[in-house]
Amino acid sequence: MRDPYEVLGVPRGASAAAIKSAYRKLAKKHHPDSNKNDPKAAARFSEISSANEIIGDEDKRKQFDRGEIDAEGKPRFQGFPGGDPRGRAGAPGGGFESYTFRTGGAGPGGMGGGGGFEDILNSMFGGAARGARAGRSSPFEFDAGGIGLDLDLSVAMTVSLEESVNGAEKRVRLPTGKELNVKIPASVTAGQQIRLKGQGETAQGHPPGDLLITVSIAPHAFFKVDGSDLRVDLPITLYEAVLGGKVRVPTLGSAVELSIPKNTSSGRIFRLKGKGLPKAGGTGDLYVATRIILPDGNDAELEALMQKWHDAHPYNPRSDLG
């Protein structure tokens, strides 16, 4: 994935507010619902959401700026001093190869073959260890694979809210450098693990490990997840609040029309049944909270109207607060 600052189009020194503003503008512009004829819109929206998850979060942003995580939120391996940067110690296929040493003579599973620990001793001590081949008991027996290897690989993957509901195919890069196309099942939840058998590390004499993918869901531009329900703030005009009317409301599917009754206060909540997230035995709901938004700038005509109305119809909505 590209540098998240580049994706959101903000400098590295940008404030949290600037990052949030850039994310909201881009998410609105590239949302799949607004670009149904653009097959690349979902990929751009996912990239924007993933970038915001990194630099829109204060802690993750600091980790990224320090080079501790990459653009996908994966830890950057710092290496081991004085050795292979991946700490593999030369093991075939990557991963640590383990051995045990025990007393006893050469035999099945021991040092009877060439190229074992005995040969190392011979090269070090000029044949002092050859007694083992002459029938004398060797002070060591070499047993490969005495401890089972953990060859599983774990990676994190971020998906958009839409992808978590509908499923998707994503490309993941493993710590080994290998890349895979992974099918994300529909209705995946945050924290869920996807296991791909045999796609982990390999080591001679051992079955390949598995790939474990832990899924996280990127914050949405306007939906908030509440269990299997969704919540969204719906901006309405002052005249829509007073006079009522029909207003389009976004959902994870196509937008729907909501009838706003006359004299609707800001903060009133409407429930759209079955427009939330899939759950066992059904689907959650979408809760829509109205937010009255006044026009930008000063409007002398509106102010005069409100003053006239105030003088003729005074009321105090805070009377219950004491």
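This passage describes an open sheet and the largest pocket of a predicted model.

Local features were taken at pLDDT of at least 70 and side-chain atom pairs at pLDDT 80 or more, whereas totals for chains, interfaces and linings use all residues. Residues are numbered from 1 along each chain as its sequence is written, and side-chain values use heavy atoms, with hydrogens and water left out.

Four strands (DSSP runs of E, at least two residues, numbered from the N terminus) form an open sheet of mixed pairing in the order β8-β9-β15-β12. Because β8 (224–226) and β12 (269–272) are edge strands, each with a single partner, one side of each has no neighbour in the sheet. The twist averages 30° from one strand to the next, with axes fitted as lines to C-alpha atoms and angles running from 0 to 180 degrees between N-to-C directions. Strand β15 (residues 286–292) pairs with β12 in the antiparallel sense over 4 bridges; pairing requires at least two bridges found by DSSP. In β15, V288 lies opposite F270.

The largest pocket (an open set of points on a 1 Å grid over the protein atoms alone, where a 1.4 Å probe fits, with protein on both sides within 12 Å along at least five of seven lines) has a volume of about 1100 Å³, taken as the space filled by probe spheres set on the points. Its lining (residues with an atom within 4 Å of a point) comprises 35 residues, of which R24, A221, F222, F223 and D233 are the closest to the centre. At least two lining residues each come from α2 (16–30), α3 (41–55), α4 (58–65) and β9 (229–236), the helices being DSSP runs of H or I with at least four residues. The largest contribution to the lining, 7 residues, is that of α2. By class, 14 lining residues are nonpolar, 7 polar and 14 charged, where Ala, Val, Leu, Ile, Met, Phe, Trp, Tyr, Cys and Pro count as nonpolar, Asp, Glu, Lys and Arg as charged, and the others, Gly among them, as polar.
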